[in-house]
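Subject: Handover of a structure and notes on it

Dear colleague,

Please find the structure below, handed over for your study. My notes on it follow, and I would suggest keeping the structure open while you read them.

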Amino acid sequence: MEQFIKVRFGDAPCDSFSVDVDDNGKLGIDILGLRTKILSRLKLPPDADLVLTYYDLEGDVVALHEDGDLHAVMERRPEFLSICVQMRLKKKKRRRRQEEDQTTYLKLSEAMECLEHICTRGCTIVRPYDMEPTKMKGPCSKFSTCKGVQLLIHHFAMCKKRVNDGCLRCKRLWQLLRLHSSICDRPDSCRVPLCRQFKLRMQQEEKKDDARWKLLTRKVLKAKIILSLISAPLEN
């Protein structure tokens, strides 16, 4: 017998290989051998510190640390084993990466705030469809971010390629709308376009491969809380 294993590492194309399985249903390779094989196939440095995880039947992320973890997987007799590979960074690099990620989440959170206030109250060149031009407001306090969101909205309205034809700017706005819907707690009354539709679609799908998106949502929601605390006025 053979067990097919699919390996995913970052944005690289998925790799797959097979490993022999004995009559007792155990892999003919231990965790060290699996790590060595993955390092070789992905052409990673032999001393790279790998983190191996997979999704169980409930959709939870489970780490593969030792031989017992591999045995536990094989007891479920999977048709194929899909392993996600991450490489641990050194302490300084990891701290810098975390700071960069946090900056990205904060920017995304601020962009969603701008998206909501554009669709609710309007700002400079973009306003809600039912707002009179004479009631338009001047630049907001976060105009450097808000202007970028406005330009995306304006481009989306005029673009002939849109998302399905591969327009990156349209896709960026589409993702921002979806991200907003993921954390919006009032979709029935929200003025942001497609908020309720995205919410219903996500509730219907609930796919396992959506774990990355759920993680992004949690990170941005956390950043939104941080932003609200930073922006809150101090009490006397």
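K219 is a suitable place to begin: its relative accessible area is 36%, which lies between the limits of 20% for buried and 50% for exposed, so K219 counts as partly exposed. This residue is found in helix α7. Its C-alpha atom is 8.2 Å from that of Q102, although 117 residues separate K219 and Q102 along the chain. Please bear in mind that the model is predicted.

Overall layout

The protein has seven helices and five strands. Read from the N terminus, their order is β-β-α-β-β-α-β-α-α-α-α-α. The protein comprises 236 residues, of which 33% count as buried. Of the contacts between residues at least 6 apart in sequence, 52% join residues at least 24 apart.

The strands

Strands β1 and β2 pair in the antiparallel sense, with six bridges between them. One of the paired positions is E2, whose bridge partner in β2 is D20. Five residues lie between the two strands of this hairpin, and G10 adopts a positive phi near 60° there.

Which side chains of β2 are buried, and which are not? The side chains of this strand, residues 15-20, alternate: D15, F17 and V19 point to one face and are buried, whereas S16, S18 and D20 point to the other face and are not buried.

Strand β1 also pairs with β5; these two strands run parallel and are joined by six bridges. Here K6 has S82 of β5 as its bridge partner. Strand β5 pairs with β3 as well, in the antiparallel sense and over five bridges. In that pairing, L52 stands opposite V85 of β5.

The nonpolar cores

In soluble globular proteins, nonpolar side chains tend to be buried together. In this model, the largest nonpolar core has 30 residues, and those that touch the most other members are M112, L115, I118, V149, L176, L177 and V192. The elements contributing two or more residues to this core are α3 (91-120), α4 (143-158), α5 (168-183), α6 (195-205) and α7 (211-231). The greatest contribution, seven residues, is from α3.

Which residues does V149 touch, leaving aside those up to four places away in sequence? They are A111, C114, L115, I118 and L176.

There is also a second, separate core of 24 residues, including F17, I31, L44 and V85. Two of these names have appeared above: F17 is among the buried residues of β2, and V85 is the residue of β5 opposite L52.

The second largest pocket

The second largest pocket has a volume of about 530 Å³. It is lined by 20 residues, of which Y55, D56, F80, L81 and S82 are the closest to its centre. By class, the lining consists of eleven nonpolar, two polar and seven charged residues.

Which strands supply at least two residues each to this lining? They are β1 (2-9), β3 (50-55) and β5 (80-87). The largest share, five residues, comes from β5. The pairings described earlier link these strands, since β5 is joined to β1 by six bridges and to β3 by five.

Yours sincerely,

A colleague

Conventions:
Residues numbered from 1 in each chain as written. Predicted model: local features only at pLDDT ≥ 70, side-chain atom pairs only at ≥ 80, totals over all residues. Heavy atoms only, no water. Core = buried A, V, L, I, M, F, W, Y, C linked by side-chain atoms within 4.5 Å. Buried < 20%, exposed > 50% of the residue type's maximum accessible area, 1.4 Å probe, protein only. Helix = DSSP H or I, 4+ residues; strand = E, 2+ residues; numbered from the N terminus. Contact = heavy atoms within 4.5 Å. 1 Å grid on protein atoms, 1.4 Å probe; cavity = no way out; pocket = protein on both sides within 12 Å on 5 of 7 lines; lining within 4 Å. Points joined across faces, edges and corners; volume = space filled by probe spheres on them. Nonpolar A, V, L, I, M, F, W, Y, C, P; charged D, E, K, R; others polar. Pairing = 2+ DSSP bridges.
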